[in-house]
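The following note is addressed to a colleague at the bench. The points below are intended to be read beside the structure.

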Amino acid sequence: MKQPTGRASSRSRPRADALVSSSYSRPAEIVARDLIGAILTSTIDGIETAGRIVETEAYVGPHDPASHAAERIGRTARNEPMFGEPGIAYVYRIYGIHWCLNVVTDAVDFPAAVLIRAIEPIRGIEHMRARRHTGQKRLLDRDLTSGPGKVAQALGITGAHNGHRLDRAPLWVSAGSGVTPAAVTVGPRIGITQAIDWQLRFSEARNPYVSRGSAA
DNA sequence: GGTCGGATCATCT
DNA sequence: GATGATCCGACCG
């Protein structure tokens, strides 16, 4: 769709409250820690939903054997966004069923990313419930977004958002109220078979919206 | 409370 | 042809 000359649409203009690109130009494990407490908002399909990030995982570079861009794999069509600009989304399909949202970090041509594993719903909760609803049972609030596949489904995130700059509609990250280091729990990543002892999962301590399997 | 298996497909060997 | 940064329902206790 063409825009009138001299005026960008709100869809392509950065949000004033969005985190700036330099926030992401740091090692993934630093960004992953800092994103705890930040706000993730989507306006996909005309529906606004938002949540507070409460759990992340860092995939720190080619030396990280659990990364989609590990050295042994190299640069491929799938992991290409991880080599791109810090602050863009890397969205991939897993198990043929679910979508997972990552934020690309560090530097161009250095593949690193932060997986958004869980958020605490803030706005559009009934829309999230409608998107997540599958069976007969009404989902508890804490089951709406307590896992990476759930976050994507609740917010309407799909492969269509792969490579999207996360400082603007329809999907962006903005600063939250801030979380002290003492309130962040660090532990091993989940669902991987390589580097299982690397302490690269970050979650807000005692938050009921973190995924199952998260350490106390 | 915990564990188990099926769903389902893009990606890479 | 095998695998996977997951989820959910079924079943057991």
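1. L40 is buried, with a relative accessible area of 1%. This is a predicted model, and the statement about L40 is a computed value, as are those that follow. The residue belongs to strand β1, which covers residues 39-42. Under 20% relative accessible area a residue counts as buried, and because the figure for L40 is 1%, L40 falls in that class.

2. What surrounds L40? Leaving out residues up to four places away in sequence, L40 touches T49, A50, G51, I53, L101, I116, I119, V151, L155, L171, W172 and V173. P81, by comparison, is 41 residues from L40 in sequence, and the C-alpha atoms of L40 and P81 lie 19 Å apart in space.

3. L40 is also one of the residues with the most contacts inside the largest nonpolar core, together with L35, L101, I116, L155 and I157. That core has 35 residues. Two or more residues each are given to this core by α1 (28-34), β2 (49-59), β3 (89-94), β4 (98-104), β5 (113-123), α3 (148-155) and β7 (171-174). The greatest contribution is that of α3, with four residues.

4. L35, another of the residues with the most contacts inside the core, deserves a separate look. With neighbours within four places in sequence set aside, L35 is in contact with L19, Y24, I53, T56, V103, V114, I116 and V173. Apart from the largest core lies another one, of 13 residues, which includes F83, Y92, V104 and A113.

5. Helix α2 spans residues 125-132, and M128, R129, R131 and R132 are buried in it. These residues cover an arc of only 165° around the axis, and they are therefore on the same side of α2. The elements that cover the buried residues of α2 include β1, β2, β5 and α3.

6. Turning to the nucleic acid, 22 residues are found around DNA strand C, and those that come nearest are H68, Y92, N102, R132 and G149. R132 is also one of the buried residues of α2, and Y92 is among the residues of the 13-residue core. By class, the surface near DNA strand C comprises ten nonpolar, nine polar and three charged residues.

7. Which parts of the protein make polar contacts with phosphate oxygens of DNA strand C? An N or O atom in the side chain of H68 is 2.8 Å from a phosphate oxygen of this strand. A polar backbone atom of G149 is likewise 2.8 Å from a phosphate oxygen, and for a polar backbone atom of K150 the distance to a phosphate oxygen is 3.1 Å. The elements giving two or more residues to the surface near DNA strand C are β3, β4, β5 and α3. The largest share, three residues, comes from α3.

8. Of the atoms of DNA strand C within 4 Å of the protein, 52% belong to sugar or phosphate, and the rest belong to bases.

9. DNA strand B has T76, R78, Y95, G96 and I97 around it. Of the atoms of this strand that come within 4 Å of the protein, sugar and phosphate account for 59%. A polar backbone atom of Y95 is 2.4 Å from a base oxygen of DNA strand B. The surface near this strand has two nonpolar, two polar and one charged residues.

Notes:
Residues are numbered from 1 along each chain as its sequence is written. Chains are lettered from A and ligands numbered from 1 in the order in which they are written. This is a predicted model: local features need pLDDT of at least 70, side-chain atom pairs count only at pLDDT 80 or more; totals for chains, interfaces and linings use all residues. Side-chain values use heavy atoms; hydrogens and water are left out. A nonpolar core is a set of buried Ala, Val, Leu, Ile, Met, Phe, Trp, Tyr and Cys residues joined through side-chain atoms within 4.5 Å. Buried means under 20% relative accessible area, exposed over 50%, partly exposed in between (1.4 Å probe, protein chains only). Contact means heavy atoms within 4.5 Å. A residue is near a molecule or strand if one of its heavy atoms lies within 4 Å of it. A polar contact is a pair of N or O atoms within 3.5 Å; within protein, one must be able to donate a hydrogen and the other to accept it, and residues adjacent in sequence count only if both atoms are side-chain atoms. Ala, Val, Leu, Ile, Met, Phe, Trp, Tyr, Cys and Pro count as nonpolar, Asp, Glu, Lys and Arg as charged, and the others, Gly among them, as polar. The arc is that of the directions from the helix axis to the C-beta atoms.
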